[in-house]
Amino acid sequence: MQKLFEYNWQVRKDWLAWCELVSEEELVKKRVGGIGSILYTLFHIIDVEYSWISGLQGKEEPPMPPFEEYATLQKIRDYSEQCHEAIAPFVYGWNDSLEEKDLLDINNEGETEIFKYGEIMRHVLAHEIHHMGQLSIWSRELGLKPVTANLIRRGLFD
């Protein structure tokens with residue numbers, strides 16, 4: 001599982017580098033499909049990962065910061081690094097004994113839900129991969145080559 005997190009983190013850095021090819025105006029432009037703009041999508045990916053894994057670490061779920069405070073490429077990059085530092089030790093400390101541990105979550109309707117830690121970890125992985133697909137579509141719409149989604153040739157198993 002750790003290798004898939006490393007993969008997502010590499011691909012995210014690649015997308016942040018890709019964003020340097022695009023004007024700030026294009027990065028914040030509302031797009032069809034997905035959840036908004038290119039930068040908001042990256043912000044959302046980071047926030048979801050950070051929120052869920054903070055909960056798995058027993059920390060209170062952090063409030064979602066206002067996107068307007070992070071609506072530049074450098075601020076998104078800084079936010080990604082800050083959140084990564086906070087969750088990476090948990091990801092690298094993952095072991096099989098955590099798989100079936102329960103997380104009590106309060107959903108948006110105020111109802112309590114119970115999830116397994118392993119389920120949440122895999123949700124976070126799939127969530128990011130899903131949104132990277134949307135970024136790939138928008139990249140092609142801009143006439144640019146998207147970041148590769150290949151897991152191989154990334155040096156993750158060297």
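These legends accompany four close-up views of a predicted model.

**View 1. The largest nonpolar core of the model has 45 residues.**
Welcome to the inside of the structure. Within this core, Leu42 and Ile76 touch the most other members. Helix 1 (2-18), helix 3 (38-56), helix 4 (73-92) and helix 5 (117-141) are the elements that give two or more residues to it. Which helix gives the most to this core? Helix 3 does, with 11 residues. To get your bearings, start at Leu42 and look at its partners from elsewhere in the sequence. Leaving aside neighbours within four places in sequence, Leu42 is in contact with Trp15, Leu16, Cys19, Ile76, Met132 and Leu135. Ile76 therefore appears twice in this view: as a contact of Leu42, and, together with Leu42, as one of the two residues that touch the most other core members.

**View 2. Helix 1 and helix 3 cross at roughly 155°.**
Two packed helices are described by the angle between their axes and the distance between the axes. Here the axes of helix 1 and helix 3 come within 11 Å. An angle over 145 degrees counts as roughly antiparallel, so these two helices are roughly antiparallel to each other. Their crossing is left-handed. On the helix 1 side, the contact is made by Phe5, Trp9, Arg12, Trp15, Leu16 and Trp18. Helix 3 answers with Ile38, Leu42, Ile45, Ile46, Glu49 and Ile53. Look again for Leu42 here: Trp15 and Leu16 of helix 1 are among its contacts.

**View 3. Cys19 and Cys83 are in no disulfide.**
A disulfide is a covalent bond between the sulfur atoms of two cysteines. How many disulfides does a search of the whole structure find? The search finds zero. For Cys19, the nearest cysteine sulfur is that of Cys83, 16 Å away. A disulfide needs the two sulfur atoms within 2.5 Å, so this pair does not count as one. Are these cysteines buried or exposed? Cys19 counts as buried, at 1% relative accessibility. Cys83 is buried too, with a relative accessible area of 1%. Cys19 may be familiar from the first view, as one of the contacts of Leu42.

**View 4. Arg153 has a positive phi although it is not a glycine.**
For the last stop, we move to the segment after helix 5, where Arg153 lies. The phi of Arg153 is about 65°. Is this residue buried or exposed? Arg153 has a relative accessible area of 74%; exposed means over 50%, so Arg153 is exposed.

Notes: Residues are numbered from 1 along each chain as its sequence is written. This is a predicted model: local features need pLDDT of at least 70, side-chain atom pairs count only at pLDDT 80 or more; totals for chains, interfaces and linings use all residues. Side-chain values use heavy atoms; hydrogens and water are left out. A nonpolar core is a set of buried Ala, Val, Leu, Ile, Met, Phe, Trp, Tyr and Cys residues joined through side-chain atoms within 4.5 Å. Buried means under 20% relative accessible area, exposed over 50%, partly exposed in between (1.4 Å probe, protein chains only). Helices (H or I, at least four residues) and strands (E, at least two) are DSSP runs, numbered from the N terminus. Contact means heavy atoms within 4.5 Å. Axes are lines fitted to C-alpha atoms, for helices over the stretch in contact, and angles run from 0 to 180 degrees between N-to-C directions. Angles under 35 degrees count as roughly parallel, over 145 as roughly antiparallel, 65 to 115 as roughly perpendicular and the rest as oblique. A crossing is left-handed if the near helix is turned anticlockwise from the far one by less than a right angle, and right-handed if clockwise.
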